[in-house]
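Dear colleague,

Please find below the structure that I am handing over to you. My notes on its salt bridges and its largest pocket come after it.

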Amino acid sequence: MGSYLSYPYARPEQLSHGYIIATYIIYGTDCGSILRKAGNFAVGQTIGTWVPVPGISEEMIEKYQGRIISLYPVEAENEQFFVLRLAFPQEHINGSFTMMMTAMVGNDVSTALRTKLIDIEFCGGADAAFGGPKQGIEELRKLTKAYDRPVVLNMIKPCTGFTPEVGAKLFYEVALGGVDLIKDDELLGSPTYSSVSQRVLLYNKAAESAFEETGKRTVYMVNISGSPKKMRENAKAAIEAGAKAALINFVFGGLDALAEICEEFGDHLFIMAHYAGVGVMNSDRSGIANNVYIGLLPRIAGAHAIMTMHPVSSDPAAKFDYYKTIQAQRMPLGKIRPSVTAVGGGVTPINQAEIQKDLGNDIIIGVGGAIQGHPLGTTTGARTVMTAVEAVSKGISLAAAAEECEGLKAALQIWS
């Protein structure tokens, strides 16, 4: 079997039961020490520590010790780093995101490596511990009555500081423009001056008023974020008040909390996960890559949709990261359904054409300031976005559509 510290190395064919495989980039070490350090890491993150300790049996090693299944050096710009693939027995994790992330990136200082987690894979049925989304694009289209084009979402601006009565007026102005979904900003939870239940009641009344004028019923997505207990209370209050959709800030709210809310309320609420705060989880040389943290993890936790930052077109690295993140949200993964990609962040009636070209129609396009900040007013801003989305979906150029839409003509002049 080899020594205690060399045993963590194994061929993938030797994995006899369910494992979750983490792929890392390792920085700050060299070929002279990486084999020992990686071995210590595999042991220290599963059953032991940096030196042999009493009480570790051969059975524990066989069943519960992590396994290094590949380790490769990479040379780049006079620097050496390593790509490590480490298999964690699923028994340690047992469907818990807290324990999975503690094992994978909660490095014990005695066995720590300078790592960036860049991918997670499942083998031997390990994915069966995660339920994934209960709803997807089909259910969202049925809810919003939006077919043959992207679903259009607006984020109410300003973000916070107003009463439900004021918010309902803001909602109404946008709803008159025909958008499909209107959500709270991620900064608005359930403050003392604006409870979840109050907003749902008043915003739904505003939606009905707009429906009476336009024939289009806009769906309100209420932010239920908070502590795990508060999120559950908010979810119940929202459903009792008539909500059909909800938003959860999952980065700081917690993946296990997201999973529990999705499991308990996912049949009644279409739930979007928001990435607010993910920047502190992901840096150039540490943390967790976006394709893992806002791609794969909220999907397997059960989020029906995941808010995803639209990148600056001139930044190839940001575009690559964006595509990898969306792949993680949508690629086949056993019985786990895809999450709906929701693209937001600086989106206007102009650049959504690029979004549709890249991602197709089965997405959510989130537009905030370009609606409330449209020079011809909020309602015109909403109608402008709808005109642009529908035109692109039908293969009509924005220039041609602008000939019959003053709002789009103005948008082309401002944002082109």
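The notes below take the salt bridges and then the pocket.

This is a predicted model, in which local features need pLDDT of at least 70 and side-chain atom pairs count only at pLDDT 80 or more, while totals for chains, interfaces and linings use all residues. Residues are numbered from 1 along each chain as its sequence is written, and side-chain values use heavy atoms, with hydrogens and water left out.

The structure holds 19 salt bridges (a side-chain nitrogen of Lys or Arg within 4 Å of a carboxyl oxygen of Asp or Glu). One of them pairs lysine 157 with aspartate 185, with 2.7 Å between the closest N and O atoms. This pair links distant parts of the chain, 28 residues apart: lysine 157 is in the loop between β5 (151-155) and α6 (164-175), and aspartate 185 in the loop between β6 (181-183) and α7 (196-214). Helices (H or I, at least four residues) and strands (E, at least two) are DSSP runs, numbered from the N terminus. Aspartate 185 is buried, at 2% relative accessible area, whereas lysine 157 is partly exposed at 29% (buried is under 20%, exposed over 50%, partly exposed in between, with a 1.4 Å probe and protein chains only).

Arginine 232 and glutamate 264 also form a salt bridge, their closest N and O atoms being 2.7 Å apart. Arginine 232 belongs to helix α8 (residues 228-241) and glutamate 264 to helix α10 (residues 255-265), so the pair ties together parts 32 residues apart in sequence. Arginine 232 is partly exposed at 36%, and glutamate 264 is likewise partly exposed at 36%.

A further salt bridge joins glutamate 354 and lysine 319 at 2.6 Å, N to O. Glutamate 354 lies in helix α13 (residues 352-359) and lysine 319 in helix α12 (residues 316-330), so parts 35 residues apart in sequence are tied together. Lysine 319 is buried at 10%.

The largest pocket (on a 1 Å grid over the protein atoms alone, an open set of points where a 1.4 Å probe fits, with protein on both sides within 12 Å along at least five of seven lines) is lined by 14 residues, a lining residue having an atom within 4 Å of a point. Lys116, Ile118, Ala289, Phe320 and Asp321 lie nearest the pocket's centre. α12 gives the most to this lining, with four residues.

With kind regards
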